[in-house]
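Open the model in your viewer and keep the sequence panel visible. The stops below are given in the order in which to select them.

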Amino acid sequence: RAPAPSFKLSYYNEYKSYLSIMSLMESPQAWDSTFQFQCKKRMFEKHRAELGDSQAVALANVWANYHFLGCQYPQDTLEAIKGWGPPPRDRMYEDKMKELKQRELVNSGLEKQTKRQR
């Protein structure tokens with residue numbers, strides 16, 4: 001009987017972790033718009049060679065969250081994406097920005113109206 005090949009579980013876990021990281025860049029997540037995903041994927045592909053897969057995935061998500069959702073991150077994290085620039089402007093992006101500004105105006109108007117009624 002041949003001995004069982006030696007196999008370290010940590011290699012398997014690293015590979016499994018790598019596959020789950022890479023799955024983030026295969027298709028949009030439930031919370032991603034098509035435009036946001038395309039921009040995020042472009043950033044990932046642009047910086048993948050210099051950063052490696054896992055760091056490029058992480059920073060591409062930071063970049064997208066910062067620009068599209070307004071998320072805040074520690075200064076050193078923002079320094080890492082500082083030179084990446086903003087998302088490209090296109091019709092979908094402009095429409096989304098108009099929608100967000102309109103929503104802010106409506107919300108601020110409702111807030112002022114509520115304060116006046118008190």
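## Whole chain, then a helix pair

Begin with the contacts of the whole chain: among those between residues at least 6 apart in sequence, 41% join residues at least 24 apart, a contact being heavy atoms within 4.5 Å. This is a predicted model, in which local features need pLDDT of at least 70 and side-chain atom pairs count only at pLDDT 80 or more, while totals for chains, interfaces and linings use all residues. Residues are numbered from 1 along each chain as its sequence is written, and side-chain values use heavy atoms, with hydrogens and water left out.

Colour by secondary structure. The chain has 5 helices and 0 strands, in the order α-α-α-α-α from the N terminus. Helices (H or I, at least four residues) and strands (E, at least two) are DSSP runs, numbered from the N terminus.

Now show the surface. About 9000 Å² of the chain is accessible, and carbon and sulfur atoms hold 54% of that area; the areas come from the Shrake-Rupley method with a 1.4 Å probe, and for residues only the protein chains shown count as cover. Of the 118 residues, 23% are buried. Buried means under 20% relative accessible area, exposed over 50%, and partly exposed in between (1.4 Å probe, protein chains only).

**Select residues 53-69.** This is helix H3, with 17 residues. At 1.5 Å a residue H3 should span 24 Å, and the 23 Å between its end C-alpha atoms agrees with that; the expected span is 1.5 Å times one less than the number of residues. Buried residues of H3 include Asp53, Asn61, Trp63 and Phe68. Just after H3, Gly70 has a positive phi of about 75 degrees.

**Add residues 34-51.** This is helix H2, whose axis comes within 8 Å of that of H3 and crosses it at roughly 140 degrees. Axes are lines fitted to C-alpha atoms, for helices over the stretch in contact, and angles run from 0 to 180 degrees between N-to-C directions. The crossing of H2 and H3 is right-handed. On the H2 side, the residues making the contact include Phe35, Cys39, Lys40, Met43 and Phe44; on the H3 side, Ala56, Leu59, Ala60 and Trp63 are among them. The contact residues of the pair divide into 12 nonpolar, 4 polar and 3 charged. Here Ala, Val, Leu, Ile, Met, Phe, Trp, Tyr, Cys and Pro count as nonpolar, Asp, Glu, Lys and Arg as charged, and the others, Gly among them, as polar.

**Centre on Lys40.** Where in the chain is Lys40 found? Lys40 is in helix H2. With 3% relative accessibility, Lys40 counts as buried. Leaving aside neighbours within four places in sequence, Lys40 is in contact with Met25, Asp32, Ala60, Asn61, Trp63 and Ala64. From Lys40 to Leu59, 19 residues apart in sequence, the C-alpha distance is 9.3 Å.

**Step to Lys41.** Lys41 also lies in H2, and its relative accessibility of 26% makes it partly exposed. Beyond neighbours within four places in sequence, Lys41 is in contact with Met25 and Glu26. The C-alpha atoms of Lys41 and Glu26 are 8.5 Å apart, with their positions 15 residues apart along the chain.

**Finish at Ser27.** Ser27 sits in the loop between helix H1 (9-23) and H2. Its relative accessible area is 37%, so Ser27 is partly exposed. Ser27 and Lys41 are 14 residues apart in sequence, and their C-alpha atoms are 9.1 Å apart.

Notes. A crossing is left-handed if the near helix is turned anticlockwise from the far one by less than a right angle, and right-handed if clockwise.
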